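Trainee: Before I trust any labels on this one, I'd like to go through them with you. Can we take them one by one?

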Amino acid sequence: FWFDPVVPGLSPVEPFWKVPTSWLGCVPTLCSVMLKDGRACSRLLSSHWTKASKSSSTAPANACSGSAEWHFFHAGVLDCPPTPSCPSDRPNTRRPIHLPSVPSFLRDGRRFLSGKATSSHSAPNSDDPPAAHLAYKVKDIKDVSTLLLVARSAALSDYDDPKFWRHCSLVAQRLISVASPSELSQLLVAVADANVQDDELMYNIGDACVACSKNDLDTDTVARLLQAHAQLEFRNDRVVDRMKEALYEQMQESRATASGLAASYLHLAKLMQAGCTLRPSEDLLEAVVRMVSQHLSFFTVPQLSQVLEGHVLFGMRGDRQTAGLLTGIGSVFAKNAEELSAKDCAIAIKGFAKCRVHDEHLMNTVANRLRERGVREDLEPTQLSDSLYGFAKFTCQDTALLDLLSIEARRCLHLMDVATLSQVVASLAKAGVSSQVLTNRAASLIKRADDSWLDEATLPQLQVLNMAFGKLQVSDGPLF
């Protein structure tokens, strides 16, 4: 709205408040007048608002009845109160009037230009309704939809009252007979997001999902059930084995969805990594690889990242099918480079390195994406160490990119544990990048750290860290 108003019949030297009242429907002109001079806008609207005003006590005794300046001042449009004197062209009456509320687009625009604008993510107003988990009494809930709404609200708010979640568990178990497997799986995900461990609820919902027919179990429901078990690291062989069978049957019958297949594959890998289930059969793994390879166009970039991360956790490498799948994923990533997030870049470069599939096109795509400052700054410490590991594994010679990543490592050095720090230092040493500032800060961090911080590391991690400092020629006796 920041432009000079061009109103027919009005010269630039004439005051804005002489604009006829019939032109008030011109919203852009009105906004421009208001943004440049709120006092002029009040004079423009005064004669129009006076006709529809009712008596009130919002203005002081010496305010003019035909003026809207006091209303603009209280609404935050004007920075200072208007003068009590009344112009000669307005009636001089002291009877207070009630003015309609100022339009929000006018008030917010003025506050934005004056630096007083408030965002939509500010603290909630006292007039806002309470959150769902605070508005409902869990004991009185009698349907699954309301219970799911309350559980999701509590999970998003990090509400960890044990009594509240116990009541949710009891109500959910009471409603199991009337709830669908999809609703039960969504409820388990909400419970897992809140990090609430309720074995009774997990077993009862698991038994209900195992007992249902295969037509009631879609791929997304299977993915959500596996996700809840993986997040809580909850072992239930009966449920997980049934989900594996359901996933294999849905792929055979061409009923599997891209989102459900990718998520199920990843959460199965996480369950195996946590020791909560055995490695799936080779028939299931080959079916997933074949299904993804033949239908790459149906998968989005985040979904392919899930498949790639699952491949890394399952330790798939060296065979022809894996190489063909990763080559196809690399081509999709190269075509949709702008959709790659920082997490996708880290998963991609580490996944190709772990699976031992060298793809120069993918490496250049990820490198170009990480050169963008906004993407590079979104890297978490573990993602940063994974990116450095992948580039070092491929013997990347892009010194400029490695220097940029080492700078990011210096910024988040205090957030790293021993495993992450050892991988960062070892990757830089393998790539031949000598970052003196990073190594000195890492050495100081280790020397000042408590013994408990180092005790969390395994012996191989300490060996890798020791060899990395030696390869970087760090001369520090107390460090070693």
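Mentor: Sure. Keep in mind that this is a predicted model. Let's start inside: helix 7 gives the most to the lining of the second largest cavity, with four residues.

Trainee: Which residues line that second largest cavity?

Mentor: The lining is made of W165, C168, S169, A172, L187, V191, V196, D198 and L201. Helix 7 and helix 8 (181–193) each bring at least two residues to the lining.

Trainee: How many cavities does a search of the whole structure find, and what volume does the second largest have?

Mentor: Two cavities of 30 Å³ or more turn up. The second largest has a volume of about 40 Å³, and its lining splits into seven nonpolar residues, one polar and one charged.

Trainee: S169 is in that lining. Why is S169 called buried?

Mentor: Buried means under 20% relative accessible area. S169 has 1%, so S169 is buried. S169 sits in helix 7, residues 162–174.

Trainee: What makes the S169 and D198 pair a polar contact?

Mentor: The cut-off is 3.5 Å between N or O atoms, with one able to donate a hydrogen and the other to accept it. The side chains of S169 and D198 are joined at 2.8 Å, so the pair falls within that limit. Leaving aside residues up to four places away in sequence, S169 touches D198 and L201.

Trainee: Now S331. Why is S331 called partly exposed?

Mentor: Partly exposed is the range between the buried limit of 20% and the exposed limit of 50%. S331 is at 31% relative accessibility, so S331 counts as partly exposed. S331 is in helix 15, residues 320–335.

Trainee: How far apart are S331 and L362, in sequence and in space?

Mentor: They are 31 residues apart in sequence, and 7.3 Å apart from C-alpha to C-alpha. L362 is one of the buried residues of helix 17 (residues 360–370), along with M363, T365, V366, A367, R369 and L370.

Trainee: What do the buried residues of helix 17 pack against?

Mentor: Helix 15, helix 16, helix 18 (373–376), helix 19 and helix 20 (399–411).

Trainee: And what makes D359 a cap for helix 17?

Mentor: A side-chain oxygen of D359 lies 3.1 Å from the backbone nitrogen of H361, at the N-terminal end of the helix. The polar-contact limit is 3.5 Å, so that pair is within it.

Trainee: On to the largest pocket. What is its volume, and which residues lie nearest its centre?

Mentor: The volume is about 470 Å³. There are 19 lining residues, and K350, T382, S385, D386 and Q423 lie nearest the centre.

Trainee: Which helix gives the most to the lining of the largest pocket?

Mentor: Helix 16, with six residues. Helix 14 (301–314), helix 16 (342–354), helix 19 (381–393) and helix 21 (418–431) each supply at least two. By class, the lining has six nonpolar, six polar and seven charged residues.

Trainee: Last one: how many helices and strands does the chain have?

Mentor: There are 24 helices and zero strands. Of the 480 residues in the chain, 46% are buried. Among contacts between residues at least 6 apart in sequence, 75% join residues at least 24 apart.

Terms used: Residues numbered from 1 in each chain as written. Predicted model: local features only at pLDDT ≥ 70, side-chain atom pairs only at ≥ 80, totals over all residues. Heavy atoms only, no water. 1 Å grid on protein atoms, 1.4 Å probe; cavity = no way out; pocket = protein on both sides within 12 Å on 5 of 7 lines; lining within 4 Å. Points joined across faces, edges and corners; volume = space filled by probe spheres on them. Nonpolar A, V, L, I, M, F, W, Y, C, P; charged D, E, K, R; others polar. Buried < 20%, exposed > 50% of the residue type's maximum accessible area, 1.4 Å probe, protein only. Contact = heavy atoms within 4.5 Å.
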